[in-house]
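Reader: Could you take me through one part of this model up close? I'd like to start at the N-terminal side and see how the pieces there fit together.

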Amino acid sequence: MGRPRAFDEEKAVRAAVGLFGGRAYDGVSIDDLVTHLGVHRNSLYKTFGSKRGLYLVALRRHFADDVRPLAEALAAATDAATALRLVTSADLGLLLLAAVERAPVDEEVAAEVAAALASVDQAIADALGIPPALAAALTSAALGILLRGDPDGVGTALTRRLDPLD
């Protein structure tokens with residue numbers, strides 16, 4: 001009979017979300033995971049199979065804990081400016097990093113990212129009564145604002161131009 005697990009898997013996954021969301025997949029080593037998660041190397045491999053296995057679990061947790069609630073909040077948005085503010089104030093670091101770093105080289109990550117973005121697009125389209133393509137453009141603009149690192153300045157300027165969508 002094996003030894004009982006000596007770490008809290010949920011806590012480790014939440015810590016991995018933060019670590020991967022701050023440094024990206026390639027910026028996190030197994031040693032980093034062992035140190036920051038407080039998990040022995042063998043336990044990490046036994047539980048998650050690999051660094052990629054842990055990454056996928058963390059990515060799905062990020063989508064469940066951060067992207068899904070965002071989509072739910074977006075469903076109640078009454079105008080494009082509100083939708084923009086909701087997206088630019090959300091913690092989407094891991095989603096953005098997954099989209100630019102892992103999705104181009106990992107089909108499973110690409111599918112997860114596409115599904116997460118589609119849920120955001122659909123929530124915006126439904127809430128604002130706009131075509132899905134226009135909702136996707138709004139999502140893309142909001143994510144671009146996050147990438148620029150100036151959600152308030154750029155977002156304010158764009159929000160002034162969104163009035164015709166309402």
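Author: Here's a walk along helix H1 and what surrounds it. The model is predicted, so local features need pLDDT of at least 70 and side-chain atom pairs count only at pLDDT 80 or more, while totals for chains, interfaces and linings use all residues. Numbering runs from 1 along each chain as its sequence is written, and side-chain values use heavy atoms, with hydrogens and water left out.

H1 covers residues 9-23; helices here are DSSP runs of H or I, at least four residues, numbered from the N terminus. Its 15 residues reach 21 Å from first C-alpha to last, close to the 21 Å expected at 1.5 Å a residue (that is 1.5 Å times one less than the number of residues).

At the N-terminal end, aspartate 8 acts as a cap: one of its side-chain oxygens sits 3.0 Å from the backbone nitrogen of glutamate 10. Just after H1 comes alanine 24, with a positive phi near 75 degrees.

Now the inside. Ala12, Val13, Ala16, Val17, Leu19 and Phe20 of H1 are buried, meaning under 20% relative accessible area with a 1.4 Å probe, protein chains only. Their cover includes helix H2 (30-37), helix H3 (41-48), helix H4 (51-74) and H6, where contact means heavy atoms within 4.5 Å.

The unreviewed UniProt entry marks residues 29-48 as "DNA-binding region"; such annotations may be inferred rather than shown by experiment. That span is 80% helix and 0% strand, with its end C-alpha atoms 15 Å apart.

Technical notes
Helix = DSSP H or I, 4+ residues; strand = E, 2+ residues; numbered from the N terminus. Buried < 20%, exposed > 50% of the residue type's maximum accessible area, 1.4 Å probe, protein only. Polar contact = N/O pair within 3.5 Å; in protein donor to acceptor, adjacent residues only side chain to side chain.
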